[in-house]
Amino acid sequence: MGCGVSKSNQFHKNAGKAIKSAVLIQRWYRQFVARKEMRRRYTWHIFQSIEYSGEQAQIKLYNFLGYLMDNFTPASNERNLISHIFRDNEVCRDAEWERYFCYKNIEVPDLYSGPHLTFPLTVEQAVGLVEAFRNKKQLHSRYVLQLLLETWKQLRLLPNINRISTCHSKEITICGDLHGQLEDLLLIFYKNDMPSLEKPYLFNGDFVDRGKDSIEILIILFSFLLVYPSEVYLNRGNHEDHIVNLRYGFTKEVLSKYRLHGKRILKLLQKIFSWLPLATVIDQKVLVIHGGISNTTDLSVLARVDRHNYNSALRPPKKRHQREAEESIDSDEEAGSTNKVLQRRPSLTSPRTLTRNCFQNRSLQDFSDRLKANTVEEVEVHEGLPGPFGPENDTSQSCESISSEDEWKQILDLLWSDPMAQDGCVPNEVRGGGCYWGPDVTEDFLNRHNLQLIIRSHECKQEGYEFCHNRKVLTLFSASNYYDVGSNRGAYVKLGPDLVPYLVQYQASSMIRELSVRQSAGRSERSANKVLREQLFAHKSDLICAFKKLDSENKGRVSLANWASAVESVMHLGLPWRIMRSQLVTGRSADSSIDNSIDYYEWFNELAIKGANADHIDQSLLETLYRHRSTLETIFRIVDTDNSGFITMEDFRQTWKLLSVYLKMEITEDAISDLAVTIDSNQDGSIDIEEFMEAFRLTDKKSRLERGRSMFMGTATDLTKLEGDPHI
């Protein structure tokens, strides 16, 4: 009897231990999952911050340059440097353009081993182009120009909104952003077959930029468009814009691959981009657009706009009489139209449901505080006064200008907008263009147009797709490994007559197959932290000022809590800095034996970008280089009017003067001269843009996000609340 009781007690003790062990294991696992999720979220947040802040910086720069065009005298050096990117050439007839783009005088040498094209293009030739590009061959510039000319002619026949039906085939395949990643397009064709009479495709914009094979993707898509004009459809994206291409790599790619005829190719592509359709409607029920909608989006308006007038969606087109006349900058009407480009720039922190009408007439406020005082006085916004800077109800504006402004807003929203979870419609302050729209706007839009689903792209999603707004909006992104290898999947969607989306996911890189899930996540995290460390170093001056305010005894050290607080006050990223300390603060600066404090001077020595040719360069100027590297390179590309890759010493100085006005900082002539002398090693009086960027480690060929990197801006939901999670 006693023996039985003893065994029972022993059994209960063992069971109790097992339960305790299970609870401990469960608790450990929950903590592990919570930490993993937190790290995934902040890694993604860092990547998106880089991407969106680059777009915002590009729009701000373009608006600033537009202001210079509209307000500087025609003879000013600054205006002459940038005027060519604002010229409206629509006064030329199509026949004149075709003569400019003529390819017949370009000979194909006997040594050329790439694909040959004859027109009309055949299916075999289109498939041959795919195989040639798979094998790293390049299409000759004669054939490129010929193909682009035929594409331009074809696109001019198409309406603004394509309307297609699934009844003629079993399903249509829709692809999102490709961003120059040929490997993704090849994988889609491998998994889903190439376009054909039985396999129609719709490609939803952003074919170019960031990736290294943008021109090859365009050539493939255009060739299939010519072969199957009723089975292949293309929508315009926000990156089908020559101004955006200056910053994100496509311009540079074309000029490096086609040095002799690259300028003509780019000009023809500029025309082609402006003729790409804006939207596609499937079976009268599904709308496919690149970016999104707003509370004013109207398909009937979009169907009537002259889309080819919008070479860049970032700036409203000039009125007809202004385009036909010689360039004039003292026209009040033009200034009024131009300077409205920045009107969607208020804070997004207001808790009430907002409409876009709340944010009119803020055209110059975003950069007016950056201009020199004498400039600001001339362009100060006077809300409530009539004229070009006055309120919306200014009757001095003609019906034509109001109509043109409305058209431009419609196109800008279509290409740049993003959905949000809250009701309402507010300016997209994160990207700097378009708007954020809520579920109520989606519901109203679908009801007004008798639609049931919106398919859009424009945003990278970790799974390649994401539903929102009660599954009435589908975001589709087809560029896998967009931020880094393993960072995200790509996806495409098939729609049959039942209009039920069938999604296919993939990851294109062969490297990803060699990595475990943990290795893949670790690689992405290390890449994000590397970029973040560089950005922290680029904000060195601001961070040191913040640290000194908290370092009352001037010891050069701050506590972990103060370090985290100071970093957030400068970077505005909403990251869990205390948790990230182990990834960002290493070495001697993280000596835990001294009150767990951080030596911030030593920390910046660890963050310093190694190998940069920074000797004898003013430190404030060097910091400006790192912080605004992409803006600086964009200005260089604009100033380099002949696309040679070189600029004169005088243009180099003018570039820095433009940047100094834009950033509201004094850069002395001596500092600029020292910088120029450092780079012009052969003393030939010109600056090689590539050598300049490389000399200061301003480019990182391994980083997919280097094109367009700029200052961080807060973007997503605040992640600091994760620090209070009991599982972390």
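The following questions and answers concern a surface patch and two helix pairs in a predicted model.

Colleague: Which helix is the place of Trp 28, a member of a nonpolar patch on the surface?

Modeller: Trp 28 forms this patch together with Tyr 29, Phe 32 and Val 33. Their accessible area together is about 410 Å². The stretch of residues 2-71 holds Trp 28, and that stretch is helix 1.

Colleague: Are helix 7 and helix 10 parallel or oblique to each other?

Modeller: Helix 7 covers residues 214-227 and helix 10 covers residues 262-275; their axes lie 14 Å apart. The packing angle is about 55 degrees. Angles under 35 degrees count as roughly parallel and those of 65 to 115 as roughly perpendicular, while the rest between these ranges are oblique. Helix 7 is therefore, with respect to helix 10, oblique.

Colleague: Which residues of helix 10 do Ile 215, Leu 218 and Phe 222 meet?

Modeller: Ile 215, Leu 218 and Phe 222 belong to helix 7, which passes helix 10 in a left-handed crossing. Their partners in helix 10 are Leu 269, Ile 272 and Phe 273.

Colleague: Is the crossing of helix 24 and helix 25 left-handed or right-handed?

Modeller: The axes of helix 24 (residues 629-639) and helix 25 (residues 649-663) come within 10 Å and cross at roughly 135 degrees. The two helices are therefore oblique to each other. Among the residues that meet are Leu 632 and Phe 636 in helix 24, and Phe 652 and Trp 656 in helix 25. As helix 24 passes helix 25, the crossing is right-handed.

Technical notes:
Residues numbered from 1 in each chain as written. Predicted model: local features only at pLDDT ≥ 70, side-chain atom pairs only at ≥ 80, totals over all residues. Heavy atoms only, no water. Patch = residues over 30% accessible without salt bridge, like charges linked within 9 Å, V, L, I, M, F, W, Y side chains within 5 Å. Areas by Shrake-Rupley, 256 points an atom, 1.4 Å probe, with all protein chains shown as cover. Salt bridge = Lys/Arg side-chain N within 4 Å of Asp/Glu carboxyl O. Helix = DSSP H or I, 4+ residues; strand = E, 2+ residues; numbered from the N terminus. Axes fitted to C-alpha atoms, helices over the stretch in contact; angles between N-to-C directions. Parallel < 35°, antiparallel > 145°, perpendicular 65-115°, else oblique. Left-handed = near helix turned anticlockwise from the far one by under 90°. Contact = heavy atoms within 4.5 Å.
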